[in-house]
Amino acid sequence: MMKLLPLKMTFPKAFLNRRGIFSPTLFIFSLVILVYAFSIFSGNTLHTFTQVLGEKQANLTATYLSAEYDFFFIEKSADTAAYTALSSLASHGGMKNDCETVEGFSVWNSETCTFTEKDLAEHFLILFKPLFNATLQKRLNLTSDTFTYQVTPYSNRFTLIGTASEQLSYSYLTINYSFIPHFSRDIPFPLSSYSLLKNDVLSRIDCVKNTPFNPLVDTPETIPRTCTFPTSFHWSITKKNNYALFTALPQESSSLTQDISIRFAIDLNRITQL
């Protein structure tokens with residue numbers, strides 16, 4: 001049969017007197033101090049930390065992400081406007097859209113307008129700015145006139161850089177963040193195509209003028225084949241009265257610009273004005 005042993009209670013030495021006997025008074029006094037200290041600490045904690053843990057960090061992240069989204073929106077707006085403007089520029093033969101046209105083709109050597117390569121960047125920006133402005137105003141309190149622009153042509157592309165003169169600012173409670181809107185886009189379409197195009201046409205314009213064209217018999221490939229136009233472009237040439245109508249699609253183009261054809265007309269009675 002099991003024998004029960006008497007239960008022995010032990011106390012920390014701090015609660016024993018000098019003789020090693022338990023001191024109830026000291027124990028109760030210490031307990032009161034601990035309870036009082038805990039109540040003060042608990043009250044200060046509830047009074048001081050009113051925000052949820054991580055709330056400030058979450059607000060900072062949300063503010064920064066909102067700014068990043070606007071930055072991304074500006075870049076994509078510039079992309080969309082640039083490709084639309086590039087397509088429109090090509091459809092006008094690199095000319096302004098207020099020049100003389102024949103069958104929808106801008107005349108390179110009309111009495112009011114003459115095509116020059118140095119005006120390409122200017123004409124591109126004339127088309128780009130209202131398109132960029134329209135997309136900007138869908139979300140941001142910015143206009144395209146807020147930006148300064150730089151167009152830099154290269155052999156197989158050109159870059160478009162825009163920098164705003166105003167900051168976009170974001171704030172939430174005590175969080176403040178701002179940045180200067182800007183973008184730098186690489187457009188895989190060489191503006192130098194227009195120079196090559198003009199040289200190819202000038203060296204063969206007499207052949208174009210002297211080659212008869214009957215729309216009932218001939219095809220748009222007849223004159224390019226007869227006048228041996230180079231294969232750097234896919235050529236389509238027709239005639240209307242005293243005008244030659246050209247459509248030239250660069251053979252080496254990216255997937256983003258593969259459908260951009262350069263369309264223009266030449267007044268065959270004003271060849272010397274080219």
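Here a biologist asks and a modeller answers about a predicted model.

Biologist: Let's start with helix α3: how far apart are its end C-alpha atoms?

Modeller: Helix α3 covers residues 120-136, which is 17 residues. At 1.5 Å a residue, that should span 24 Å. The model agrees, since the end C-alpha atoms are 24 Å apart.

Biologist: And at which residue does α3 bend?

Modeller: Look for the proline, P130. It follows within four residues of the spot where the helix turns by about 30 degrees. That spot is F128.

Biologist: Is F128 buried or exposed?

Modeller: The buried residues of α3 include L120, H123, L125 and N133. Three phenylalanines are also among them: F124, F132 and the one you asked about. So under the 20% cut-off for relative accessible area, F128 counts as buried.

Biologist: Which residues touch the most other members of the largest nonpolar core?

Modeller: That core has 60 residues, and its largest share, 12 residues, comes from helix α2, residues 55-91. Apart from it lies another core of six residues, with V102 and L245 among them. Back in the largest one, the residues that touch the most other members are F124, F128, F132 and F246.

Biologist: Leaving aside neighbours within four places in sequence, which residues is F246 in contact with?

Modeller: Quite a list! It includes the aromatic residues F105, F229, W235 and F264, along with S236 and R263. The rest of the contacts are V201, I205, V208, I237, I262 and I266.

Biologist: Now the charged pairs: with which residue does R139 form a salt bridge?

Modeller: A search of the whole structure finds six salt bridges. In this one, the closest N and O atoms are 2.4 Å apart. R139 sits in the loop between α3 and β3 and its partner in helix α2, so the pair ties together parts that are 69 residues apart in sequence. R139 is partly exposed at 41% relative accessible area, while the partner is buried at 5%; that partner is D70.

Biologist: Which residues are linked with R185 in a network of salt bridges?

Modeller: R185 lies in strand β7, and E75, 110 residues away, lies in helix α2; their side chains meet at 3.4 Å, N to O. D79 is in helix α2 too, 106 residues from R185, and that bridge is 2.9 Å, N to O. Both D79 and R185 are buried, and so is E75. Adding a lysine, the residues linked with R185 are E75, K76 and D79.

Biologist: On to the cysteines: what is the handedness of the disulfide between C99 and C113?

Modeller: Their sulfur atoms are 2.1 Å apart, and both residues are buried. The torsion about the S-S bond is about -85 degrees, so the disulfide is left-handed.

Biologist: How many residues apart in sequence are the parts tied together by C207 and C227?

Modeller: C207 is partly exposed, with a relative accessible area of 28%, whereas C227 is buried at 4%. C207 lies in helix α5 and C227 in the loop between α6 and β8, so the pair ties together parts whose separation in sequence is 20 residues.

Biologist: Last one: what pattern do the disulfides follow?

Modeller: The structure holds two disulfides. One joins C99 and C113, and C207 and C227 form another. Counting bonded cysteines along the chain, the pattern is 1-2, 3-4.

Conventions:
Residues numbered from 1 in each chain as written. Predicted model: local features only at pLDDT ≥ 70, side-chain atom pairs only at ≥ 80, totals over all residues. Heavy atoms only, no water. Helix = DSSP H or I, 4+ residues; strand = E, 2+ residues; numbered from the N terminus. Expected span 1.5 Å × (residues − 1). Bend = angle between axes of the 7 residues up to and from the residue. Buried < 20%, exposed > 50% of the residue type's maximum accessible area, 1.4 Å probe, protein only. Core = buried A, V, L, I, M, F, W, Y, C linked by side-chain atoms within 4.5 Å. Contact = heavy atoms within 4.5 Å. Salt bridge = Lys/Arg side-chain N within 4 Å of Asp/Glu carboxyl O. Disulfide = S-S within 2.5 Å.
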